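This report describes a single protein chain through selected features of its fold. The sequence and the coordinates are shown first.

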Amino acid sequence: MRKPTIIAMGGGGFSMEPDNPLLDDYVLSLTGKERPSVCFVPTASGDAEGYIERFHAAFTERADTAVLQLFRRSVADLAAFIARQDVVYVGGGNTANMLVVWRVHGFEAVLRSAWQRGTILCGLSAGALCWFEGGVTDSFGEGLAPLRDGLGLLPGSFCPHYDGEPLRRPAYERLVLQGELPGGWAADDGVALHFEGTELVSVVASSADAAAWRLHAGNGEQLSVQRLQPLSLGATSPQDNEAEIA
C-alpha cells in the first residue's frame, strides 16, 4: 500500500501550463502504472464544462480518466467511485464554496479514507489549499482573506500563487504574522509540494526560478520565511537539481 500522498501545487498543471506537462507527469509517475486512473474533481469551478474538456484533452492519451461532478451529481456511491482511482485531481476556483459542497455530499470523509489507503490526492490553487487546515483565499469577494476550515489532512496553512499574484505574498505573510493563520507553506506557480503522510518529502518545479517557502511566526513581531529550493523537473544539468528541504 502506498503511503498517504498529497501533491499541492501553487499553480501549474494542465489548466495553467497547457504546454508544460511536467508537474502532471510527476503526479502520474508516482502511481507506478503505465496507464493510471485519474479522477478530476472540478467542484471549485462549479463543474465548468470547459475545465472538464481541458482535463480530458490533457490526460486521455496517458490515463483512464473520470470526472466527479457534484453540481450535476450522477454517482450514487462516492466511496466506491473514488476507490477505483489512482489519483484524485482537484481543480482551482472558489475554495470556500467547494468545501461546503463537499461536506453536504459527504465527500470530505471519502477523501480522507482515500488518502489513508494511498490514493494520490493532488491539485492546484483551491485544489492545493483544501488539504491544509487553512490558508489565504479570494473566495469571499474582492481582496484576500483567511480560510480556516480546510480539510486538515495536512497541518498548518497554505498559500498558492505566491509569486503569480502580487497581493498573495504580503497578505499571507501578514495573516501568519498576526496569528490569523498558523504557519505553513507557500508555493510559486509551477511548484508542487510532495507530502507523504504529513511530512514534506520533495519540492518539484516545472519552471526555472520558482520556489516553495516555509513560514513560521515568532512572537508576533517577527516572521521567518525560508526558501525551499525545488528539484527542477526540466533540469538539463545536475547542478539544476539541487533541491533543498529543511
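In this predicted model, Gly179 adopts a positive phi of about 80° just after helix α8. The helix itself spans residues 168-177, and Arg168, Ala171, Tyr172, Leu175 and Val176 are its buried positions. Viewed down the axis of α8, these buried residues fall within an arc of 125°, so they line one face of the helix. The spacing follows a general rule: an α-helix has 3.6 residues a turn, so residues three or four places apart point the same way. The buried residues of α8 pack against strands β6 (132-137), β7, β8, β9, β12 (212-217) and β13.

These strands belong to an open sheet of six strands with mixed pairing, in the order β7-β6-β8-β9-β12-β13. At the edges stand β7 (145-147) and β13 (223-228); each has a single partner strand, so one side of each lacks a neighbour in the sheet. From one strand to the next, the twist averages 25°. Within the sheet, β8 (residues 154-159) and β9 (residues 184-187) run parallel and are joined by three bridges. Phe158 stands opposite Trp185 in β9.

The structure holds zero disulfides. The table sets out two of the cysteines.

| Cysteine | Closest cysteine sulfur | Sulfur distance | Relative accessible area |
|---|---|---|---|
| Cys122 | Cys130 | 9.9 Å | 0% |
| Cys159 | Cys130 | 15 Å | 0% |

A disulfide requires cysteine sulfur atoms within 2.5 Å. The sulfur of Cys122 is therefore too far from that of Cys130 for a bond, and the sulfur of Cys159 is likewise too far from that of Cys130. Cys122 is buried, and Cys159 also counts as buried.

Conventions: Residues are numbered from 1 along each chain as its sequence is written. This is a predicted model: local features need pLDDT of at least 70, side-chain atom pairs count only at pLDDT 80 or more; totals for chains, interfaces and linings use all residues. Side-chain values use heavy atoms; hydrogens and water are left out. Two strands pair if DSSP finds at least two bridges between them. Helices (H or I, at least four residues) and strands (E, at least two) are DSSP runs, numbered from the N terminus. Axes are lines fitted to C-alpha atoms, for helices over the stretch in contact, and angles run from 0 to 180 degrees between N-to-C directions. Buried means under 20% relative accessible area, exposed over 50%, partly exposed in between (1.4 Å probe, protein chains only). The arc is that of the directions from the helix axis to the C-beta atoms. Contact means heavy atoms within 4.5 Å.
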